[in-house]
Amino acid sequence: MDTSTIVILDFGSQYTQLIARRIREFNVFSVVLPCTVSLDKVKALNPKGVILSGGPSSVYDVDAPKADPAVLAMGVPVLGICYGLQFIVHHLGGKVEPAPAREYGHAQVSVIADTQLFRGLPTTMDVWMSHGDEAKTLPEGFSLTAQTSNAVAGIADEARRMWAVQFHPEVAHTKQGMELLKNFVMGICGAQADWTPEHFIQTTVERVKAQVGSGHAICGLSGGVDSSVAAVLVAKAIGDRLTCIFVNNGVLRKDEFEKVQKTMREQLGLNVVAVDAAERFLTKLAGVTDPETKRKVIGNEFIAVFDDEAKKIFENEKSAGEEVAWLVQGTLYPDVIESSSVHGPSHTIKSHHNVGGLPENMKLKLIEPLRDLFKDEVRRIGRDLGMPDDIIERQPFPGPGLAVRILGEVTAERVAILQEADQIVVDEIKKAGLYRKVWQSFAVLLPVKSVGVMGDQRTYANTCAIRAVESEDGMTADWAPLPYEVLRTISSRIVSEVRGINRVVYDITSKPPGTIEWE
Ligand code: XMP
């Protein structure tokens, strides 16, 4: 049986991924494709419905992003959102023009016609608007279904099964947004709620089994949720023909190297090769203070260590008459969308290094079992696979680890100081019940010494900054207003328990203009 699929054509809106996530909340599978995708590709997915996203352009511009207008005549229901509405109007013979006043933010919409899209919704709704153009003349067959005091807010041609709204139902500010999307996805398109964790696990395990056959695979573990869930899924398919490589790069958190190994082996039953390469990394990092150079050193060294270990596994398998041909990676859906987006991969502000850099000379084929999932879905799958909360709920931790939280040179001594402070932050944030509420919370060791007093002694030691942020996806973030009591406990514990730190400050910078990590 085919999984019900909704195709979302992306015209470049910052909210496109949000539309996909909202639909997944109904347990319906959704796919984001660049608006320029071919009609055949859309048809091949046999979608139950198509959604046209918003976008920053004007439909009448010469270089405006365009979809093949034939998607409107495919015979499956279409929902246009914002630019999507204007695209429909423009391409079916109506007129879109600059609006006299831009509508941005909260707005009130009056529903003026009974359409399936608005079924069960109130006749006045608070919605989120973000547009500078408006539909002036509607194409033949369309009628007005909703309006604000200024402009068209909803149109429909029910005979041709097309609906469109000028506002953004996917944004939380539109209170009835989820109901509206549900009306479209479940009511109008008749999608089945068959995108469930069990279904995903079952089909992924079957697919990996078929893909790998009797082959062998390797996987880099980071201790984080993505690589762990990817490894557990693949192990479910091919058992101990999967070997996981877990590297101590010398900049992991306190006791993490031991703890992660134990969990992976004992609780998750994974076949793990643990490589303690701390010294190798720290030697390479000696004297390096430039953030980008640090990242490069760690990235390159990681690949070198991974390469060495993978070779050993290869040799072993070869002498047993087997061949390792596969590499498991924890790529997530946002990376997949990003790399095929209309705008191309977005500009990387920092060079991100992730676990699992592909040793090119090995010509490994990729298994990416999470490439259809958003982060929250990975957690859901992990939970369904019976993985411990400690891994599932873990806050993101950067590939270059504590190295990007130690400003200036990374030495064994400074790593040890930061590990202690970091442990206290994690402990106290967990005790206060905030660990899952904030996106990330951690300590940063600054290359700043200041004077303090302890007992009757003058001290002259390091400063540590506390960073805690709230975020949906790490792309933007607000600094978290941690309760003063929590900050007080963190600060006094760090100063009294961590030798080498005598001052604690709190970072109150959001992203942008700051970044989450300090380097
Ligand atoms: P920034 O500092 O760019 O971080 O605001 C955004 C998110 O990405 C994480 N991060 C990384 N993750 N490798 C990773 O796997 C990296 O090199 C890296 N650098 C930053 C960061 O922790 C935050 O969640």
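Surface patches are made here of residues with over 30% relative accessible area and no salt bridge, like charges being joined within 9 Å. In the predicted model, D255, E258, D276 and E279 gather on the surface in such a patch, one of negative charge. Of these residues, D255 is placed in the loop between β11 (242–248) and α7 (256–267); its relative accessibility of 42% makes it partly exposed, a value that also satisfies the patch requirement of over 30%.

The domain assignment of the chain gives domain 1 (5–188), domain 2 (197–392) and domain 3 (401–506), and the C-alpha centres of domain 1 and domain 3 are separated by 45 Å. Helix α1, which spans residues 16–24, is mostly covered, with 8 of its 9 residues buried. The buried positions of α1 are T16, L18, I19, A20, R21, R22, I23 and R24, a list in which charged arginines occur alongside nonpolar residues such as I19 and I23.

The structure holds 29 salt bridges. One of them joins E517 to R405, with 2.8 Å between the closest N and O atoms; this pair links distant parts of the chain, since E517 lies in the segment after β18 (501–506) and R405 in the loop between α12 (389–392) and α13 (412–431), 112 residues apart. Both partners fall under the 20% limit for burial, E517 being buried at 9% relative accessibility and R405 being buried at 2%.

A further group of charged residues involves helix α13, where D427, E428, K431, R493 and E497 are linked in a network of salt bridges. Within this network, D427 forms a salt bridge with R493, the closest N and O atoms lying 3.8 Å apart, and the contact connects distant parts of the chain, with D427 in helix α13 and R493 in helix α14 (residues 484–497), 66 residues apart. The relative accessible area of D427 is 29%, so that this residue counts as partly exposed, whereas R493, with 18%, is buried.

The network also includes the salt bridge between E428 and K431, for which the closest N and O atoms are 3.1 Å apart. Because E428 and K431 are 3 residues apart in helix α13, about one helical turn separates them. The two partners nevertheless fall into opposite accessibility classes: E428 is buried, with a relative accessible area of 8%, while K431 is exposed, with a relative accessible area of 63%.

Technical notes. Residues numbered from 1 in each chain as written. Predicted model: local features only at pLDDT ≥ 70, side-chain atom pairs only at ≥ 80, totals over all residues. Heavy atoms only, no water. Domains from an automatic or database assignment. Patch = residues over 30% accessible without salt bridge, like charges linked within 9 Å, V, L, I, M, F, W, Y side chains within 5 Å. Areas by Shrake-Rupley, 256 points an atom, 1.4 Å probe, with all protein chains shown as cover. Salt bridge = Lys/Arg side-chain N within 4 Å of Asp/Glu carboxyl O. Charge placed at Lys NZ, Arg CZ, Asp CG, Glu CD. Helix = DSSP H or I, 4+ residues; strand = E, 2+ residues; numbered from the N terminus. Buried < 20%, exposed > 50% of the residue type's maximum accessible area, 1.4 Å probe, protein only.
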